[in-house]
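Trainee: I am new to this structure and would like to work through it with you step by step. Could we begin with how two of its elements pack together?

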Amino acid sequence: MKHIVLLTLSLLAAGCGSSYGMKVPGSLVKKLPFEVRIELLEAENELALAVDKVDEANNEIDRARDNIRRARSRQDAAEDEVDRATDEVSREVAKLAIEESEARVEYLRAKQRLSVGLRDVSELARDCAFAKFEMAKLASARKAKVEGSEELDPKEFEEQVAECDAEVKEERAGLAEAEKEEKAAREAWEVKKTALARKTFDARASPYVENL
């Protein structure tokens with residue numbers, strides 16, 4: 001069972017079009033003794049976690065998209081309320097609701113941009129986990145003195161991992177501006193949301209006040 005999972009994950013990662021796709025031939029891995037395969041479980045689990053993080057990042061992008069759609073619908077509803085308002089208080093509440101929904105959309109767009117960046121980083125981190133998995137397989141093959149493993153240079157696999165890790169670090173640092181924009185947009189939305197909540201007596205059941 002572990003052997004099947006190991007091969008499945010390898011193929012999954014290899015199919016991602018990674019520039020860090022240097023692999024240990026499957027024929028060498030098949031020759032590994034069972035007790036040596038066990039030593040690969042940690043690297044295998046790290047790869048599985050990295051794959052899950054990519055899925056989570058994609059789900060976050062989908063949630064942001066749905067939230068933006070909902071926020072726009074709330075904005076349309078608030079604009080209709082302005083036209084239907086029969087007194088000044090109702091009209092002011094509707095206008096505050098419009099401002100809140102506009103700020104919410106801006107925040108969600110900033111969050112989505114950040115989420116896309118984080119998804120890209122998680123995809124790269126997954127490629128790094130794959131590279132580390134391959135490096136571990138080579139180390140195990142050489143440790144078990146599997147025929148043919150001596151033809152592969154461990155330094156090349158180590159360099160692949162080092163280059164990938166460095167790129168992850170660089171890409172992650174490049175998200176600093178997007179993180180600042182997301183934080184500023186959220187704070188601006190919180191201000192508008194608080195103003196709306198106060199005007200509607202902080203009513204949690206208010207059709208105008210909604211948390212994400």
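Mentor: Gladly; keep in mind that this is a predicted model. The axes of helix H5, residues 88-143, and helix H6, residues 154-173, come within 9 Å of each other and cross at roughly 165°.

Trainee: How are H5 and H6 oriented to each other, roughly parallel or roughly antiparallel?

Mentor: Start from the crossing angle of H5 and H6, which is roughly 165°. Angles over 145 degrees count as roughly antiparallel. The two helices H5 and H6 are therefore, relative to each other, roughly antiparallel.

Trainee: Is the crossing of H5 and H6 left-handed or right-handed?

Mentor: The angle and the distance between the axes, roughly 165° and within 9 Å, do not by themselves name the hand, which is given separately. For H5 and H6 the crossing is left-handed.

Trainee: Which kinds of residue make up the contact of H5 with H6, and how many are there of each?

Mentor: On the H5 side the contact includes Leu-118, Val-121, Asp-127 and Arg-142, while H6 contributes, among others, Phe-157, Gln-160, Val-161 and Glu-171. Sorted by kind, the residues of this contact come to 13 nonpolar, 1 polar and 9 charged.

Trainee: Turning to single residues, does Gln-75 count as buried or exposed, and at what relative accessibility?

Mentor: Gln-75 lies in helix H4, which spans residues 41-84. Leaving aside residues up to four places away in sequence, Gln-75 touches Ser-101, Glu-102 and Val-105. The cut-off for buried is under 20% relative accessible area. Gln-75 therefore counts as buried, at a relative accessibility of 17%.

Trainee: Which residue's side chain is joined to that of Arg-119 by a polar contact?

Mentor: Arg-119 is found in helix H5, and it counts as buried because its relative accessibility is 19%. Once residues up to four places away in sequence are set aside, Arg-119 touches Ala-57, Asn-58 and Ile-61. The polar contact, at 3.0 Å, joins the side chain of Arg-119 to that of Asn-58.

Trainee: Stepping back to the whole protein, how many helices and how many strands does it have?

Mentor: Reading from the N terminus on, the elements run α-α-α-α-α-α-α. The count for the protein is accordingly 7 helices and 0 strands.

Trainee: What share of the contacts with a separation of 6 or more comes from residues 24 or more positions apart?

Mentor: The protein has 212 residues, of which 40% count as buried. Among its contacts with a separation of 6 or more, the share from residues 24 or more positions apart is 80%.

Terms used: Residues numbered from 1 in each chain as written. Predicted model: local features only at pLDDT ≥ 70, side-chain atom pairs only at ≥ 80, totals over all residues. Heavy atoms only, no water. Axes fitted to C-alpha atoms, helices over the stretch in contact; angles between N-to-C directions. Helix = DSSP H or I, 4+ residues; strand = E, 2+ residues; numbered from the N terminus. Parallel < 35°, antiparallel > 145°, perpendicular 65-115°, else oblique. Left-handed = near helix turned anticlockwise from the far one by under 90°. Contact = heavy atoms within 4.5 Å. Nonpolar A, V, L, I, M, F, W, Y, C, P; charged D, E, K, R; others polar. Buried < 20%, exposed > 50% of the residue type's maximum accessible area, 1.4 Å probe, protein only. Polar contact = N/O pair within 3.5 Å; in protein donor to acceptor, adjacent residues only side chain to side chain.
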